[in-house]
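This briefing concerns the pockets and the helix packing of a single model. Please consult the sequence and the structure shown below while reading.

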Amino acid sequence: MSSSTVITNIATLVTNDPSLGDRSPLGLIQDAAVVIDGDRIAWTGESRKAPATDNRVDAGGRAVLPGFVDSHSHLVFAGDRTQEFNARMSGRSYTAGGIRTTVAVTRAASDAELEANLTRYLTEALRQGTTTFETKSGYGLTVEDEARALRIAARHTDEVTFLGAHIVSPEHTDDPAAYVALVTGEMLDACAPHARWIDVFCEKGAFDGDQARAILTAGRDRGLHPRVHANQLSYGPGVQLAVELDAASADHCTHLTDADVDALVHSDTVATLLPGAEFSTRAEWPDARRLLDAGVTVALSTDCNPGSSFTSSVPFCVALAVRDMRMTPDEAVWSATAGGAAALRRTDIGRLAPGARADLLLLDAPSHVHLAYRPGVPLVAGVWRRGVREI
């Protein structure tokens, strides 16, 4: 039988339900309480009105937020690319293989090694408040290696993405059309049973618009829903393609035309921004302010990967978004919770209202604003996932 728990004496409760509290997008309730019954939220409101429960937790005047929803990561890999990062940050040229370096090491790793690496980073993320995560394949680029990456990922999350179209595999450098045929044929057949999503890196040097459309359409025909790495390094067709195919998200969105922004406004496609990538590559920041002011739904995610954004910390990305992408603290927190849920087309997570999944975090601070106000400080003091306290 399930038991009920009330967390009381909450200084600020972020519900992400505008019908609650101050009626803002965050639905803030001051001097609040939240009741967990089994794996669901049963009640939210003022502390003095909290119903009786089996258990009681005193938040001690701290803030409570929905668990972070990290809707874009690349966690099934081996090794790292320290030398590449060090050279980039030191202003030195570096000629190693980038993604291909990770592909070679990942292919050589055992299943046990890949799973141990994955669980290491998931534990790291959980300690920082992430309760839902999406992760992708993309460092195997063979039928066998892509399928095993997805099998490993699927043991840890329902949000699994087939990214065989990360780059053209080293074996097909001189014949990218043959690789697209492999991705849309034998590789898709092997990978579709283990994934919910299909993604493609639509960019110069990776896959052009026609190739990306063929890959995403083939995946959609097999029951996988599209996501797109779009407009990260240059202007291109990625965002328009994402909207055309009703992709759940267009991720990166750094180089956008007015037509791209307008297309996002009039679609259900979420613009997922990944500031860790710009931090780690010293690239141009996405203009979050432009997107938000236009009315685009924005998510924030880590893009945790060994090459361009080796962070599992959503709080760090929230601070970057506020400081360097002109988001307000409220907008950044919403985007890292409810925005991430929207990018996964989920309504059961990213909010703390009756009926939602009981995924929440306790901050060692009186307000969610401290995530940006005190960057780099480990503020997460407790994490509940599916109603169970894990941190």
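In this predicted model, the largest pocket has a volume of about 550 Å³. The second largest pocket has a volume of about 210 Å³. The helix contacts described after the pockets involve helix 3 with helix 4, helix 4 with helix 5, and helix 5 with helix 6.

**Largest pocket**

- The lining of the largest pocket consists of 30 residues, and those nearest the pocket centre are I99, F201, Q232, L233 and S308.
- Three helices each provide at least two lining residues: helix 1 (82–89), helix 2 (99–108) and helix 9 (275–281).
- Of the contributing elements, helix 9 gives the most to this lining, namely three residues.
- By residue class, the lining of the largest pocket comprises 14 polar, eight nonpolar and eight charged residues.

**Second largest pocket**

- The second largest pocket is lined by 14 residues, with Q128, S313, P315, V377 and P378 lying nearest its centre.
- Helix 11 (314–324) and helix 13 (370–373) are the elements that give two or more residues to the lining of this pocket.
- The lining of the second largest pocket is made up of eight nonpolar, four polar and two charged residues.

**Helix 3 with helix 4**

- Helix 3, spanning residues 111–127, packs with helix 4 at an angle of about 45°, and the two axes are 10 Å apart.
- Because the angle falls outside the ranges that count as roughly parallel, antiparallel or perpendicular, helix 3 is oblique to helix 4.
- Helix 3 and helix 4 cross in a right-handed sense.
- On the side of helix 3 the contact involves D111, L114, E115 and L118, which meet R148, I152 and A153 of helix 4.
- The residues of this contact are four nonpolar and three charged, with no polar residue.

**Helix 4 with helix 5**

- Helix 4 (residues 143–154) and helix 5 (residues 176–191) have axes 9 Å apart and pack at an angle of about 40°.
- Helix 4 and helix 5 are therefore oblique to each other as well.
- The crossing of helix 4 past helix 5 is right-handed.
- Helix 4 contributes V143, E146, A147 and L150 to the contact, where they meet L182, E186, M187, A190 and C191 of helix 5.
- Seven residues of the contact between helix 4 and helix 5 are nonpolar and two are charged, while no polar residue takes part.

**Helix 5 with helix 6**

- Helix 5 packs with helix 6 (residues 209–221) at an angle of about 10°, with the axes 10 Å apart.
- Since angles under 35 degrees count as roughly parallel, helix 5 is roughly parallel to helix 6.
- The contact is formed by P176, V180, V183, T184 and L188 from helix 5 together with Q211, A214, I215, A218 and G219 from helix 6.
- The contact of helix 5 with helix 6 contains seven nonpolar and three polar residues and no charged residue.

Methods. Residues numbered from 1 in each chain as written. Predicted model: local features only at pLDDT ≥ 70, side-chain atom pairs only at ≥ 80, totals over all residues. Heavy atoms only, no water. 1 Å grid on protein atoms, 1.4 Å probe; cavity = no way out; pocket = protein on both sides within 12 Å on 5 of 7 lines; lining within 4 Å. Points joined across faces, edges and corners; volume = space filled by probe spheres on them. Helix = DSSP H or I, 4+ residues; strand = E, 2+ residues; numbered from the N terminus. Nonpolar A, V, L, I, M, F, W, Y, C, P; charged D, E, K, R; others polar. Axes fitted to C-alpha atoms, helices over the stretch in contact; angles between N-to-C directions. Parallel < 35°, antiparallel > 145°, perpendicular 65-115°, else oblique. Left-handed = near helix turned anticlockwise from the far one by under 90°. Contact = heavy atoms within 4.5 Å.
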